[in-house]
Amino acid sequence: MSLMNTSDAQSSLLSIDNIYLLIGFIVMFLVVKTLQDKAHPKRLTTALFWFLFGSVFIFGDASIALIGERNTYLWIGINVVIIALLAGMNMVSMGNYDMPCERAKTEDANRFGNKLFVPAVLIPIVTVICTIILSEIQLGDFYLFDQEHVTLSALTLACTIALLVSWKITKGSPLQALSESRRLVDSIGWAAILPQMLAMLGGVFIVANTGTAIQDLVTLFISPDNRFMLVVLYCVGMALFTMIMGNAFAAFPVMTAGIALPFLIQGHGADPAPLVAIGMYSGYCGTLMTPMAANFNIVPAALLDLKDKYQVIKVQIPTAITLLVINIFLMYGVVF
């Protein structure tokens with residue numbers, strides 16, 4: 001094992017393709033467990049939902065070789081439409097799971113104590129260390145991490161290490177971990193794949209020149225000379241578009257191309273760096289107020305078994321609005 005940086009080592013053990021296959025096989029395990037759950041109220045449609053999702057990870061590259069790139073895109077597009085229909089028609093639900101009683105869970109919590117947080121804390125720590133320090137580590141002629149997706153490869157390794165540590169702490173089994181993952185995924189439901197869907201939607205908006213359309217729309221209602229209203233529109237637009245997209249990174253190119261670049265940077269000479277930074281902060285305010293940001297707002301509610309799945313959002317709204325107002329005045333006072 002070495003820390004060399006040689007140009008001839010192009011392959012990696014934790015390649016993005018291998019990671020996709022791993023995700024696909026885990027999802028297929030969930031499909032099998034769902035089909036085996038005879039008491040599941042929506043067994044077939046829930047299994048179909050996850051099968052369509054997992055098949056893309058497993059068969060995506062192979063389908064390009066078999067049916068061509070164009071037909072593969074068509075197949076994936078059909079999958080996405082069916083997935084959306086299944087979710088929209090409320091055909092994806094939770095099943096039945098072998099859950100310990102409340103007394104057993106309380107006893108386990110008291111027995112393990114704060115050790116339960118060790119695996120969760122390990123994930124970000126190991127990911128950062130591997131990304132920053134060990135990114136170019138090699139095993140023979142192979143990189144350990146995919147050099148084009150170092151962070152994702154490091155995250156995969158971190159999750160694996162955290163899983164092994166959790167087994168050591170709880171004396172559990174791999175099958176138990178996979179079975180529990182089915183309950184967690186089902187409790188989150190269709191929101192678990194929402195980030196991927198919204199990322200694709202952001203790409204569609206960019207290709208469709210939505211930014212140009214927003215620029216034309218702005219000129220109909222606001223004078224290009226009204227600097228303050230342009231700032232308000234950019235910040236509030238970033239927040240609202242993020243609430244729709246569920247992702248500030250998806251909203252950023254559209255709103256920046258439509259408002260920030262033509263009106264604030266070119267029209268009023270704003271400093272680009274602080275302008276777009278505060279614009280992103282404004283987008284994050286929208287993240288706090290939308291269920292579309294499933295990873296931040298819906299997943300925690302599901303993991304914590306909150307009765308109100310929107311409780312996280314309700315608590316965050318006052319903070320988000322306050323920060324959005326601060327961002328507006330900060331941008332107006334700093335970037336010009």
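Start by selecting helix H2 and colouring its buried residues: Thr46, Ala47, Phe49, Trp50, Leu52, Phe53, Gly54, Ser55, Phe57, Ile58, Gly60 and Ser63. Buried means under 20% relative accessible area, exposed means over 50%, and partly exposed lies in between (1.4 Å probe, protein chains only). Helices (H or I, at least four residues) are DSSP runs, numbered from the N terminus.

The model is predicted: local features need pLDDT of at least 70, side-chain atom pairs count only at pLDDT 80 or more, and totals for chains, interfaces and linings use all residues. Residues are numbered from 1 along each chain as its sequence is written, and side-chain values use heavy atoms, with hydrogens and water left out.

**Along H2**

Stay with H2, residues 43-67, and look at its two end C-alpha atoms. They are only 30 Å apart, whereas a straight helix of 25 residues would span 36 Å at 1.5 Å a residue. The expected span is 1.5 Å times one less than the number of residues. Where does H2 bend? Select phenylalanine 59: the helix bends there by about 60°. The bend is the angle between axes fitted to the seven residues ending at a residue and the seven starting there. Then step to glycine 68, just after H2, which takes a positive phi of about 95°.

**Salt bridges**

How many salt bridges does the structure hold? There are five, a salt bridge being a side-chain nitrogen of Lys or Arg within 4 Å of a carboxyl oxygen of Asp or Glu.

Select arginine 103 and glutamate 107 in helix H4 (residues 102-112). Their closest N and O atoms are 3.3 Å apart, in a salt bridge. The two residues are four places apart in the helix, so about one helical turn separates them. Arginine 103 is exposed, at 65% relative accessible area, while glutamate 107 is partly exposed at 43%.

Next, go to helix H7 (residues 174-188) and pick arginine 183 and glutamate 180. This salt bridge has its closest N and O atoms 2.5 Å apart. Three residues separate the partners along H7, which means about one helical turn. Here arginine 183 is buried, with a relative accessibility of 12%, and glutamate 180 is partly exposed at 30%.

In H7, also select aspartate 186 and arginine 182, which are four residues apart, about one helical turn. Their side chains meet in a salt bridge at 3.6 Å, N to O. Both residues are buried. Add Asp37 to the selection: salt bridges that share partners join Asp37, Arg182 and Asp186 into one network.

An α-helix has 3.6 residues a turn, so residues three or four places apart point the same way.

**A nonpolar patch**

Now show the surface and select Leu116, Phe117, Val121, Ile125, Val128, Ile129, Ile132 and Ile133. Together they form a nonpolar patch with about 770 Å² of accessible area. Such a patch takes residues with over 30% relative accessible area and no salt bridge, joining nonpolar side chains (Val, Leu, Ile, Met, Phe, Trp, Tyr) within 5 Å. Areas come from the Shrake-Rupley method with a 1.4 Å probe; for residues, only the protein chains shown count as cover. Within the patch, valine 128 lies in helix H5 (residues 118-132) and is partly exposed at 47%.

**Glycine 211**

End at glycine 211 in helix H9 (residues 210-221). This glycine is buried, at 8% relative accessibility. Which residues does glycine 211 contact, leaving aside neighbours within four places in sequence? They are Val254, Ala257 and Gly258, with contact meaning heavy atoms within 4.5 Å. To finish, draw a distance from glycine 211 to alanine 162, 49 residues apart along the chain: their C-alpha atoms are separated by 42 Å.

How values were computed: Patches are made of residues with over 30% relative accessible area and no salt bridge: like charges are joined within 9 Å, nonpolar side chains (Val, Leu, Ile, Met, Phe, Trp, Tyr) within 5 Å.
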